[in-house]
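Okay, thanks for making time, everyone. Let me put the structure up and then talk you through one part of it.

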Amino acid sequence: MWQEIVVGIIVVLAALHACTKYLPSAWRRQIVYLLSRRGFNQDRLAKIFKTQSSCGDGCDTCGSCEPEAPPEPDSRRRVIKIHKQ
């Protein structure tokens, strides 16, 4: 009996992990909305299902919206000038 309960818990956790990782974000937001209407904590569900702010909503927390900085010159390289005589 205990084996069946443990296997059931593992299957539920694996399904939850798959949902948080592979479902489209619109479906995850809908799941969070439906579960929060049933009394679950919406902030905690949003963290679990990773539906918090992301690129495209103007949050500017990850730095990916900033323009790419030019590469810094490598200080180990020296330029050797050759003069024609």
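I'll go through one helix, then a few residues in and around it. Keep in mind that this is a predicted model.

So, helix 2. It runs over residues 25–37. A quick sanity check on its geometry: with 13 residues at 1.5 Å a residue, you'd expect a span of 18 Å, and the end C-alpha atoms do sit 18 Å apart, so the two agree.

Now, which residues of helix 2 are buried? There's Arg-28, Val-32 and Ser-36. If you look down the axis of helix 2, those buried residues fall within an arc of 70°, so they line one face of the helix. Flip to the other side of helix 2 and you find Trp-27 and Arg-37, which are exposed. And what covers the buried residues? Part of the answer is helix 1, residues 2–22, along with helix 3.

Let's take two of the buried ones in turn. Arg-28 in helix 2 comes out at a relative accessible area of 12%, and since the cut-off for buried is under 20%, Arg-28 counts as buried. Who does it touch? Skipping neighbours within four places in sequence, Arg-28 is in contact with Cys-19, Thr-20 and Leu-23, and also with Phe-49, Lys-50 and Thr-51.

Then Ser-36, also in helix 2. Its relative accessibility is 18%, so Ser-36 counts as buried too, again with the line drawn at under 20%. The side chain of Ser-36 reaches the backbone oxygen of Tyr-33, at 2.8 Å. If you leave out residues up to four places away in sequence, Ser-36 touches Gln-42 and Leu-45. For orientation, helix 3 covers 42–48.

Okay, backbone angles, for those of you who like to check phi. After helix 2 comes Gly-39, with a positive phi near 110°. The other one I'd flag is Lys-50, in the segment after helix 3. Phi of Lys-50 is near 55°, so we have a positive value in a residue other than glycine. Is Lys-50 buried or exposed? At 53% relative accessibility, Lys-50 counts as exposed, because the threshold there is over 50%. And remember, Lys-50 was one of the contacts of Arg-28.

To wrap up helix 2: Arg-28, Val-32 and Ser-36 are its buried residues, and Trp-27 and Arg-37 are exposed on the other side. That's it from me.

Notes
Residues numbered from 1 in each chain as written. Predicted model: local features only at pLDDT ≥ 70, side-chain atom pairs only at ≥ 80, totals over all residues. Heavy atoms only, no water. Helix = DSSP H or I, 4+ residues; strand = E, 2+ residues; numbered from the N terminus. Buried < 20%, exposed > 50% of the residue type's maximum accessible area, 1.4 Å probe, protein only. Polar contact = N/O pair within 3.5 Å; in protein donor to acceptor, adjacent residues only side chain to side chain. Contact = heavy atoms within 4.5 Å. Expected span 1.5 Å × (residues − 1). Arc of directions from axis to C-beta.
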